[in-house]
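Visitor: I would be grateful for a close look at a single part of this structure. Please take one strand and explain how it sits among its neighbours.

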Amino acid sequence: MANKTILITGVSSGLGLALAQEALAQGWTVVGTVRSEEAARNFTATAPGKSFAYVLDVTDYARIPEVVAEIEKTIGGIEVLVNNAGYGMEGPIEESSLEEIRRQFEVNVFGALAVTQAVLPFMRQRRSGRILNITSMGGLITFPGVGIYHGSKFALEGLSETLGKEVRGFGIFVTAVAPGGFRTDWAGRSLSRAPRTIPDYDEMFEPQREARQQRNGKQSGDPVKAAKAMLTILADPNPPAHLLLGPDAVKLVEEKLDALKAEIEAYRSLSISTDFDAI
């Protein structure tokens, strides 16, 4: 895949930046979206002639097709799209305002969809392409206090899996990448915190918030190794629909699957009792 063009949304920090740097090191042409002119200048200077940046908010739905068309025309065909732009949000569901919830879904779900819809016509025409949607182990498991974030990532997991089935016949492969805890700023500057308003949730929520703050900057996951793993998947001729990243993600998702299977078995007779009786 070296010497090909990859578009990564959100390359200023975290996994997006690590992936961009590793892709450049392996000979890719990397186009990244950023949120400021300064960030654009910095990224473009990373590898002149190979790194390109566009100032683009993924919720600027009207501008996204224009940017994608310009990349295709002036830089090269987008062989790989990585929907990485997004952020975390914490707060009990009851306390979260509808405005905050909409913003979370606008960025984490609709932003990824808008970029995907802009890129797909070009990939379909070429009958080839790869899409990585950066979800989270929180798109498969849940913790109290981050339910709105979970909802957005569960949505992106489902959309990714379905899209993969719809476009595989065109030579396009879609993988939902679900990282566990990596040493990024997800739980720091990038985390939106809903204002606390209901004391009843203090006992449940405050220890969770404190634990997240204590882990920030000490996560065991290495973003560079995550980037290498994603590039490995891009070279796989038959990539998976879902890719977990990190031992914590594997452990917690396996526990979720075991619990789900046990619950299905416990209620099997009730679950299968709902058809019309045979005549």
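Guide: The account that follows begins with one strand and then turns to the sheet around that strand. The model is predicted, with local features requiring pLDDT of at least 70 and side-chain atom pairs counting only at pLDDT 80 or more, while totals for chains, interfaces and linings use all residues. Residues are numbered from 1 along each chain as its sequence is written, and side-chain values use heavy atoms, with hydrogens and water left out.

The strand chosen is β2, residues 29-34; strands (E, at least two residues) and helices (H or I, at least four) are DSSP runs, numbered from the N terminus. Six of the six residues of β2 are buried, where buried means under 20% relative accessible area with a 1.4 Å probe, protein chains only. Thr29, Val31 and Thr33 point one way from the strand, whereas Val30, Gly32 and Val34 point the other way.

Strands of a sheet pair through backbone hydrogen bonds, either parallel or antiparallel. Here two strands count as paired if DSSP finds at least two bridges between them. β2 pairs in the parallel sense with β1 (residues 5-9) over five bridges, and within this pairing threonine 9 has threonine 33 as its bridge partner. The chain passes from β1 through helix α1 (residues 14-25) to β2 in a right-handed β-α-β crossover; right-handed means that, with the strands pointing away from the viewer, the path from the first strand over the helix to the second runs clockwise.

Five bridges also join β2 to β3 (residues 51-55), again in parallel, and valine 34 stands opposite valine 55 of β3. Together with helix α2 (residues 37-44), β2 and β3 make a right-handed β-α-β unit.

These pairings belong to an open, parallel sheet of seven strands in the order β3-β2-β1-β4-β6-β7-β9. β3 and β9 (242-245) stand at the edges with a single partner strand each, so one side of each is left without a neighbour in the sheet. Direction ignored, neighbouring strands are turned by 20° against each other on average; axes are lines fitted to C-alpha atoms, for helices over the stretch in contact, and angles run from 0 to 180 degrees between N-to-C directions.

Helix α3 (residues 64-74) packs on this sheet and touches β2 together with β1, β3 and β4 (78-83), contact meaning heavy atoms within 4.5 Å. The direction of α3 makes about 155° with that of β3. Helix α7 (residues 223-234) also packs on the sheet, touching β1, β4, β6 (129-134), β7 (172-179) and β9.

Definitions and conventions:
Buried means under 20% relative accessible area, exposed over 50%, partly exposed in between (1.4 Å probe, protein chains only).
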